[in-house]
Amino acid sequence: MRANLPVVLTARVPRRFYARPTVEVARDLLGKIIVRRIDGVDLAGRIVEVEAYLGGEDQAAHSYAGLTDRTRVIYGPPGHAYVYFIYGMYYCLNVVAEPQGKPGAVLVRALEPVAGIEAMRERRPRAKRLRDLASGPGKLTRALGVTLADYGADLTRGDLTVRDAPAVAPADIVVSPRIGITKSADLPLRFHIRDNEHVSRR
DNA sequence: CCGCGGATCTTCT
DNA sequence: GAAGATCCGCGGA
């Protein structure tokens, strides 16, 4: 197998980026690059779809249950990974927002693959087309090899990081209700890049 | 393209 | 005991 092409690694997004209101962090994460280094290979994808899960009255948020073993990282310092296991089969990746002590997280729902695509395909052999590779929260964690071992990982350092990239123009951000939930289902907390092929539902 | 059901197990009620 | 921030393959249009 051919080695993957060189990846241009931009600066890591700094801690202060995450220590803001969850909705702001969610919108501003669009366009940023998630890089996963595995066995010396960089797998990377551009964030094209996210959802915000808030503290307070957001009944869809896992933190609505309060501080438990599962949710404690959501209450911790921002810029860390909240990973959970769902439907007996899949992992979902969130980015913790808000200052420490205040719950808030951003679910990463879809990536546009930009590097290490061959390695991602090996992890997702059933993805026929490129747009099937990471166009869903369970797909992208499988493609990047993200598991509960990444619970609490610091996204500003280590082998799972978020990298700077040009901001997406506000006019190119589409806002809609979140997907796959029943409680607090009408809040406009899903954000995706307009007309992007890699969004989970079009 | 669309809708439906099965897989599979952790977490909270 | 049931629901859940999902995905995939199948059958029909």
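A polar contact is a pair of N or O atoms within 3.5 Å; within protein, one atom must be able to donate a hydrogen and the other to accept it, and residues adjacent in sequence count only if both atoms are side-chain atoms. With that in place, I begin at DNA strand B, where a polar side-chain atom of T68 lies 3.0 Å from a phosphate oxygen.

A word on conventions. This is a predicted model, in which local features need pLDDT of at least 70 and side-chain atom pairs count only at pLDDT 80 or more, whereas totals for chains, interfaces and linings use all residues. Residues are numbered from 1 along each chain as its sequence is written, chains are lettered from A and ligands numbered from 1 in the order in which they are written, and side-chain values use heavy atoms, with hydrogens and water left out.

To continue with strand B: I call a residue near a strand if one of its heavy atoms lies within 4 Å of it. Around DNA strand B these residues are T68, R70, F85, Y87, G88 and M89. Of the strand B atoms that come within 4 Å of the protein, 67% belong to sugar and phosphate. The bases are also contacted: a polar backbone atom of Y87 is 2.3 Å from a base oxygen of DNA strand B.

I turn to DNA strand C. There are 20 residues around this strand, and H62, Y84, N94, R124 and G138 come nearest. Here sugar and phosphate supply 53% of the strand atoms within 4 Å of the protein. By class, the surface near strand C has 10 nonpolar, six polar and four charged residues; Ala, Val, Leu, Ile, Met, Phe, Trp, Tyr, Cys and Pro count as nonpolar, Asp, Glu, Lys and Arg as charged, and the others, Gly among them, as polar.

Which parts of DNA strand C do the side chains of R109 and T182 approach? For R109, a side-chain N or O atom is 3.1 Å from a phosphate oxygen, and for T182 such an atom is likewise 3.1 Å from a phosphate oxygen. Y84, by contrast, places a polar side-chain atom 2.9 Å from a base nitrogen. Two or more residues of the surface near strand C come from each of β3 (81-86), β4 (90-96), β5 (104-115) and α4 (137-144). The greatest contribution is that of α4, with three residues.

Those elements belong to a chain A with four helices and eight strands, where helices (H or I, at least four residues) and strands (E, at least two) are DSSP runs numbered from the N terminus. Their order from the N terminus is α-α-β-β-β-β-β-α-α-β-β-β. Along the principal axes, the C-alpha atoms of chain A fill a box of roughly 50 × 35 × 35 Å.

Finally, the aromatic residues. Rings of Phe, Tyr and Trp (its six-membered ring) pair if their centres lie within 6.5 Å, with planes under 30 degrees apart counted as stacked, over 60 as edge-to-face and the rest as tilted. The count comes to four aromatic pairs. One of them, F17 with Y18, is edge-to-face, at 5.1 Å centre to centre and 85° between the planes. Both F17 and Y18 are buried, that is, under 20% relative accessible area, against over 50% for exposed and in between for partly exposed (1.4 Å probe, protein chains only). Y82, Y84 and Y151 form one aromatic cluster, and Y84 is also among the residues that come nearest to DNA strand C.
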